[in-house]
Each structure stands twice: as C-alpha cells, then as structure tokens.
Amino acid sequence: MNGQALRLGTRRSKLAMAQSRQVADAVSQVTGRSVELVEITTYGDTSREQLAQIGGTGVFVTALRDALLSGEVDFAVHSLKDLPTAQPDDLVLAAVPVREDPRDVLIARGGRTFAQLPDGARIGTGSPRRMAQLNAYARDHGMTIETVAIRGNVDTRIGYVRKGELDGVVLAAAGLKRMGRVGDVTDFLPVDTILPAPGQGALAIECAADNADLVAALAELDDPFTRAAVTAERSLLAALEAGCSAPVGALADLLADGQIVKEMRLRGVVGTTDGSTLVQLSTTGPVPETHDQAMALGRELAAEMLAKGAAGLMGERAH
C-alpha cells in the first residue's frame, strides 16, 4: 500500500466524528498509513422532518456511499443500524468491528431509573421501536407513561430533560459511550425490557469492492462474532420488510458454557407504537459459520413472527 493518507468519509455529528476517529486510529495501526476525516453532510442531518417521515433507512448513508463511489473518500464508517439491509454490488462491508454495548439507556430527571419515573412521565424518543416496547412494558407493569416523538443530536435530546420539558429520553448506550457521555445515563434498560435496533452498537466499515488491498487491510478489524450477530439481526429485519418506520427490535447474542461459545440466540420483536400488541419470539441454534447461515437464522425467526401475526402489525409501509 502506498504511503498517502487514507480518506475516511464521516457524517459531521459529534457522535459520528467520535466513532470515526476511533476507527481512523485502528485503521492507521493496521495499515501504517495516516487517515484523514472527510466530513460529509447527509440528507438525514439537514432535514428537520421526523425520520419515519423521510423514509428512515438510508437517509444518513446515501451521501457517504456517493462519496465512496465517486472516489472522494477511500472508506466510510456507518452506524450499522442506519444501513439499509440491501448491500450495493460495488461496495463491500469490509469490517464489522467488535460491538459496543447494544442496550438502550434512560437519561431521566433527578437521576431516576425507569422504575422510579413518576406517573404520567413524558419520555422522548425518535424511535417507533422504542415507543412500542416502552409503552408495552409500562402497561405490563401498571405504569402510565407518554412517549413523545423527538429528534436531534445527543445534546439536543438530553437538553429536553435538563430544561424540564421531558421527564426522560431514551438513547443508545453505544453512542454515549463513544462520546464519553456515559455519566449522563440514569438507567441501563435491560434487553429483556427493550430489544435494541438490529445492528445497534455495531459499526460498519465500507469501501469500494474493487479496492482489494484496502478490503484486505480493513478485514483485520472485523470481529466474526459481531458480524454473524448483526447479519442475523439484519436478515430478520429484511425478512420482516420493515424499514425504520416499523418498530422492529432484534438482538443476537452468544450463549457460552464457561469459555466455550456454544450457540447463538436471536430475539426479535415487532409491535404497534402504542405498545398494545407485541409479537416477541426467539430462536437458538449453532453459531453461524457463514454469511448464509447467519442470514438463514434471521429469516427463520422472521417467518415464525409473521406466522404469529407480525404482518398485521406492520401498518402501511412507506415505499
């Protein structure tokens, strides 16, 4: 590989910059080349509309992919949960590094946990998936909450709580950890309470498929277990034909016996945003050793969920 700097395409948000810098350092170490960040503005960053309205999937990704295809940047870093499930032929997911904490977290006024929220608490989130599960959990536990649709960056969302406009907001643990903001968290929400978005906490490093040297170098950052897990989760999402507008949660994790990893468990949930109906199922099988096996795990669970009534919950999909 020649010595010139590699150009890493990134969104401009604080979170994107933080996670891109971490990847840049890792890529520098495996390639021996310096990495410069190229900031790219995406439609999802400039639009003030609710994500569900602007099509959700892909709004943060398209501009980065265009920059890759035009040769403006050499590789790009995405939050894996933002990636559309269909992969373009001319681009390759060269690496899925070790996943950060996949859980959702609560940042509430007065340092409260979810169980300590006052009756009628107003909780902000931009995610129908979180709304569905928060409302279902509250109903099952005799709590009354109101979910409020919000968007904006991490600071904006936490600001609603600080200013007293909301009792709490729900965010992804991974982003806060990467930004060094985990001290703001008042409660980590167990995945039994809220299943994360497919791919949550994982990053995707993408480059042009024909750049064989770079593909090979970036592959050193790949974590096979994380890749298998997110592949299964995204396969479930694709099979449910869901974009971001439908509330789908999924998590694949490894079941170990001591130090020996035995199996992979995949859990999925889909529901109505008011939480009145949820279809939640899980399946356990051998740890997938190939892409096709991981895809099959997701498809099989999706088929069971559809058979249990998930299709009727999807509502009108925006095409």
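## Val38 and the first strands

Let's start with a single residue: Val38 has its place in strand β2. The model is a predicted one, and in it Val38 counts as buried because its relative accessible area is 18%, below the 20% cut-off. Leaving out residues up to four places away in sequence, Val38 touches Arg7, Leu8, Gly9, Thr10, Glu72 and Val73. Asp74 is 36 residues from Val38 in sequence, and their C-alpha atoms lie 9.9 Å apart.

The strand around Val38 has a partner: β1 (residues 6–10) pairs with β2 (residues 35–39) in the parallel sense, over 5 bridges. Within this pairing, Leu8 has Leu37 of β2 as its bridge partner. Helix α1 (residues 14–31) joins in as well, making a right-handed β-α-β unit together with β1 and β2.

## An open sheet of five strands

Further along, 5 strands build an open sheet with mixed pairing, in the order β7-β6-β8-β5-β9. Its edges are β7 (145–149) and β9 (187–189), each of which pairs on one side only. From one strand to the next, the twist averages 30°.

Inside the sheet, β5 and β8 run antiparallel and are joined by 5 bridges. If you would like a spot to look at, Ile107 stands opposite Val169 in β8. Helix α4 (residues 128–140) packs on this sheet and touches β5, β6 (121–125), β7 and β8; the direction of α4 makes about 175° with that of β7. Helix α5 also packs on the sheet, touching β5 and β8, and its direction makes about 155° with that of β8.

## A closer look at helix α5

Helix α5 covers residues 154–162, and its buried residues are Val154, Arg157, Ile158, Gly159 and Val161. An α-helix has 3.6 residues a turn, so residues three or four places apart point the same way. That is a handy thought when you compare Val154, Arg157, Ile158 and Val161, which are among the buried residues of α5. The cover over the buried residues includes β5 (104–108), β8 (168–172) and α6 (173–178).

Both ends of α5 have a detail to find. At the start, a side-chain oxygen of Asn153 comes to within 3.2 Å of the backbone nitrogen of Asp155. Just after the helix, Gly164 takes a positive phi of about 85°.

## Asp101, a buried acid

Asp101 sits in the loop between β4 (91–95) and β5. It is buried because its relative accessible area is 10%, under the 20% cut-off. The side chain of Asp101 makes a polar contact of 2.8 Å with that of Arg103, and another of 3.2 Å with the side chain of Lys177. Setting aside neighbours within four places in sequence, Asp101 is in contact with Ala173, Ala174, Lys177, Phe188 and Gly201.

## Two nonpolar cores

In soluble globular proteins, nonpolar side chains tend to be buried together. Here the largest nonpolar core has 18 residues, and Leu236, Leu240, Met264, Leu266, Leu301 and Met305 have the most contacts inside it. The elements giving two or more residues to this core are α8 (224–239), β11 (248–257), β12 (260–271), β13 (278–286) and α9 (291–307). Helix α8 supplies the largest share, 5 residues.

A second core, separate from the one above, has 16 residues, including Ala24, Val35, Phe75 and Ala94.

Technical notes:
Residues numbered from 1 in each chain as written. Predicted model: local features only at pLDDT ≥ 70, side-chain atom pairs only at ≥ 80, totals over all residues. Heavy atoms only, no water. Buried < 20%, exposed > 50% of the residue type's maximum accessible area, 1.4 Å probe, protein only. Helix = DSSP H or I, 4+ residues; strand = E, 2+ residues; numbered from the N terminus. Contact = heavy atoms within 4.5 Å. Polar contact = N/O pair within 3.5 Å; in protein donor to acceptor, adjacent residues only side chain to side chain. Pairing = 2+ DSSP bridges. Axes fitted to C-alpha atoms, helices over the stretch in contact; angles between N-to-C directions. Right-handed = clockwise from strand over helix to strand, strands pointing away. Core = buried A, V, L, I, M, F, W, Y, C linked by side-chain atoms within 4.5 Å.
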